[in-house]
Amino acid sequence: MIDVWVDSIIGGLLLGLVYGLAAIGLNLIWGVMKVINLSHGAFMALGMFVIYLLFTAFGIFPYFGLVIVIGLGLVLGMLTYFVALHRVIDAPELSTLLATFSVSLFIIGVGTFVFTTIPYAIDISLGSISFGNITILGTKVATGLISIAFTAILYVFLYKTRLGKAIRAVSMNRVAAELMGVNTTFILALSFGIGIALAMSAGALIATIFPFTILSGGVYELKSFVICVLGGLGSPLGALVGGIVLGMIENVVTLQIPTSYVPVIEFSILVLILLLKPSGLLGGKV
Amino acid sequence: MILKVENVTKRFGGLVALNKVSFTLEKGEILGIIGPNGAGKTTLFNVICGVYSPEEGRIIFSDVDITGLPPFKITRLGIARTHQVVKPLNDLTVKENVMVGACFGKSYMGLEDAEKIAEGVLDTVGLKERSELLAGKLNVPEKKRLELARALASQPTLLLLDEVLAGLNPLEVSKMLEVIRKIRDNGVTIMMIEHLMHAIMNVSDRIIVLDYGAKIAEGKPEEVANNPKVIEAYLGDPDLALKLLKKEG
Amino acid sequence: MITTGAASDSIHNKGYTHIFQIYTPASRYLTGALDMFKAADPNAKKVAIVYENSKFAKDVATAAKAYAEKNGFEVVLFEAYAPGTTDFSSFINKILAKKPDAIIGGGHFADGETFAKQLYEKKVDVKLVSLLVAPAVPEFAEIGDAALYVTGPSQWEPLAKYTRESAKALGIEWYGLSVEEFDKEYKEAYGYDPGYHAAGGYAAGLVLQKAIEDAGTLDTEEVKKALEKMDIMTFYGRIKFETGKYYGRQIGHEMVYLQWQKKDGKLVKEVVWPDAAKSSELVYPMTTKYGEEAKGKAKETAEEKQAQEKPKSTPGFEVALAIAGISVAYLLRRKL
Amino acid sequence: MKKPDISLWWITIAVIVLIVIPVVTKSPILRESVFLILLYMTLALSLNIILGYTGYVSFGHIVYYGIGGYVTFSLIYFYGINLIVAMIIGGLFAAAIAYSLGQAILKLRGAYFAIATIGVNEAVKALVNNLDAIGGAEGLYFNIKVYNAYGGAENAIWLSYYLMSALIIITLIVNWYIKKSKFGLGLMAIREDEDAAIILGVDTRKYKSLAYMLSALFPGIAGGIFFFKNGNIEPENAFHLVKSIEMIFMVMLGGFGTVTGPVLGALVYERIRGLLLINPLFKNLHIAISGVVLLLIVLFMPSGIIGYVREKIAKIRRYIE
């Protein structure tokens, strides 16, 4: 049944794009600010619930609601930067790691208080095309396209605009950028804001496909670590490629081996890549 | 003959940082190393200390081939160095910094003896009253002296000084030169990278000049000072230098 | 001690002698689903058991597999999926390749819902789906039509028709208030329908009260003896404790099986098994809901033609594609 | 070796007093909460060796607690080996894995090392989840008869309590000796500037691996004791990442790189958590509140309570290490 393979590959590709989108935000923040954002998963969960509320309370169709989520993400991201990170941006890794983790604790804590940990789902359907055993879901295709679009936009923004150039300058050498007149505080806040906006919109898009709980952000956060290391730091394309490779592994390899071994493979890849080629497949220098 | 460097070549990708550098060093000698910025002086120190391993060539230190050995093994054999860009152990006290040198260098002594050595060395470099302060709190010249103290504490046979005079005022320079001579008189061989020409000229027994990774001159300070190639390396065109000297008359 | 909320069997073979379990243990969570399946379609044989790789789900699945094999079912697939799995599409493909008649298993809330949703999205041609935990939660209806006709075990449902008559029919004593009374009083006190957690808790108190009444004293040993002998029917169902190797395990209480059905356009939970507690007929096979969406018989025949064994395709095809993907991305980056 | 001075005596006696209270009062409730505090202290002190002294942020450090737990539990479950022997083998096994793993992941620095340790913990958890030989996802559980060899369940619990007390004292003393020894000075040099340290003659690879090994030994033994007393073990709670982060929380709260810090941090953390959990108002907001508290520490008191005190009052440094 060759179509089982085709279906898995298409599924793997689309899932990979979703994973890629989830990782781009983390990749940007890690690349630019040398900060590992441990609140990435929490913000994704926040994005899921925001789009859910917009849809159920105000009836806003998720894909239009995305714009609101991006705006909210930018604001929340910059706010979080100034509250939690600005003071310790030059401190050793431990402080920034724990600062972002405390933000995650706060969001998850309040989220559990408000939404408890039962699952929610958004019941929308863009139909699906299916022939033989192959079914391709409209919502998944939409999410895939949007994540490619986001990667392209981010790519153009980073490599073709002045602001993007400033962000890349800061990522290469913050002190030098400051000497060249770049307002690094604003740039760092902006990059964190963009990273969080991407995380929340990734969460929102995922919510259109899969049911979710306040804790489902954590699963994507761990996968995003693997993807960032796999795809390489600082390059948005790296996140997408890493995501696709992971999606492939989860969907296609599992046809051969029991699916419960997937996490074993994923995390072993993480450790191996870190050891052999820390800069990842497409990444810049370490 | 304490140190022999043979055809050492070091490349970073396309850039040739050291190009077949060879020289020897006698026991108790002070060897000055000069050359324009980016000539490969610090890279030479890093290769000798094992931070980088050279693509070609060999380094023999007191009859032991130390090419490619990890830095801590080379240090234990008796080489110590100071860094051009200071590397203090910020959250340890000044005395603890120096004790690290004493504990893990050639001396490789226990904590108590290291503490005694540290007090002595701090005295020689004039940091005695600051010994309980956290290293991070010192100013730049003091950090330079801490680097020297840390290197001395390991009682090395070969001491590599990387621009230890930089940023010092004339009084501090002469005091530092005094300390260096005293170290040499205790039987320690010294290699010094400096830009202060008058200082290095009158303290060194011999001078080596590096330019674009290659050794372009070697000899007594006076010989090297008048060597046209050296002047050209520093000032570009030797005739221009003579013209300038003449115009001043 | 009378436990509620604890479904694992292992508690009862650790040698404790004073623990009595109210919940039906994990090992009998899904066995009822197989009985229901056999009753609805005696000649259907092929069952796929898939479960979340976690303690509770694995307990249930291993027991269900043993029960299935003992009762002549063919377990075509018995596989775990990693906790936290979000995309089951390739897993479903794996299941489809085995062409099961029924899929039973599941894990907790989120994965159960996701699995049900994706089974619907892929229009999986299977006659019965019975999942743990997720279907019993009211929020399951949020996945819309995907929930339709999905069944699942539950310790107790307000609709379960345990009555004095059903007790008399089985020749055992009825004790305590009726289902309606419990439902009414709970709603008055808390304002919403009781879930099975609340019912289990109340039942524990009820059983202890009965045991003390039977023993006539508060002395632990006497109450323990009364509990060992007890065999009663309550609003919560039948209560009887095991005294052998698995001392104190609940053997009287049966799981009720609910199915999401459409009552005048709204998704609603109905109890469809066991017969003693049924509030509506089981809709079987499940694929009738696709039938309702006018998917003709033609799809069935096309299926049969392709039924030959899966051709052994080399994985090279997939590796080549992955490499192509990466190189394209690399070139893209280089060119831009 | 430096002979112990006041700074070790008073903290050891303080811990012994804490240990004795439940023994004197014979109260099971006190014993249970003190047992937990002692466990947290052991874990925090062990993490302090690699995090506090060497400056390597081991985020997934709980993996060694889990490995030690599983090895000890399996030895007792399958071969009926005595607890004390089994727990020591468990600890040594965890240390051996840490040493060999350390050769690889200790090459990484900073955030990369942190992520690698998370990867290791998750990979081991997923692996154990699939190994049916040691119970897979269902885990293993003792039949109560196992405790007869130790004079019944009650005595077995008291034995675990005494073993944990002994373990915490040893971990405390080892922590103090490391800080006061040449080995400790080398570790702190690595923490401050690893590139400078290797040039000063510190064998950074060996020292880092040794520190990582030591910091895995004690959690391995602690895991063995805890899961023996617990009666069953599952991958989910043996390799629980949140517990790993709690360990970091305690070391940061108390003061990393000090001896008294982790001890105080564990005590304060356990008390706060206990109070928050039962307080009606904060009950279900306790995660959010611990997040806020962690942020305040990281922002305003990065060197922790003891670190802050030692900075502010110079002459107290001799008494509080």
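This is a short tour of chain C and of the place where chain A touches it, in a predicted model.

**Stop one: chain C by itself.** Select chain C and switch to a cartoon view. You'll be looking at 11 helices and 12 strands. Now colour its 336 residues by burial: 54% of them count as buried. Turn on the surface, and you have about 14,400 Å² of accessible area, with 60% of that belonging to carbon and sulfur atoms. If you like contact maps, take the contacts in chain C between residues at least 6 apart in sequence; 66% of these join residues at least 24 apart.

**Stop two: where A meets C.** Bring chain A back and select the residues in contact across the two chains. You should pick up 52 residues from chain A and 41 residues from chain C. How much area is buried between chain A and chain C? About 4,100 Å², and carbon and sulfur atoms give 59% of it.

**Stop three: the salt bridges.** Across this interface, the rule finds 2 salt bridges. For one of them, show the side chains of Lys140(A) and Asp87(C), which meet at 3.2 Å, N to O. Polar contacts are here too, with 8 residue pairs across the interface.

**Stop four: chain A's side of the contact.** Colour α1 (2-33), β2 (134-137), α5 (138-160), α8 (184-209), α9 (216-231) and α10 (236-252) of chain A; each supplies at least two residues to the side touching chain C. Which element gives the most? Zoom in on α1(A), which gives 10 residues. Finally, colour this side of chain A by class, and you'll find 32 nonpolar, 14 polar and 6 charged residues.

Key
Residues are numbered from 1 along each chain as its sequence is written. Chains are lettered from A and ligands numbered from 1 in the order in which they are written. This is a predicted model: local features need pLDDT of at least 70, side-chain atom pairs count only at pLDDT 80 or more; totals for chains, interfaces and linings use all residues. Side-chain values use heavy atoms; hydrogens and water are left out. Contact means heavy atoms within 4.5 Å. Buried area is the accessible area (1.4 Å probe) that two parts lose on being put together, summed over both. A salt bridge is a side-chain nitrogen of Lys or Arg within 4 Å of a carboxyl oxygen of Asp or Glu. A polar contact is a pair of N or O atoms within 3.5 Å; within protein, one must be able to donate a hydrogen and the other to accept it, and residues adjacent in sequence count only if both atoms are side-chain atoms. Helices (H or I, at least four residues) and strands (E, at least two) are DSSP runs, numbered from the N terminus. Ala, Val, Leu, Ile, Met, Phe, Trp, Tyr, Cys and Pro count as nonpolar, Asp, Glu, Lys and Arg as charged, and the others, Gly among them, as polar. Buried means under 20% relative accessible area, exposed over 50%, partly exposed in between (1.4 Å probe, protein chains only). Accessible areas come from the Shrake-Rupley method with a 1.4 Å probe; for residues, only the protein chains shown count as cover.
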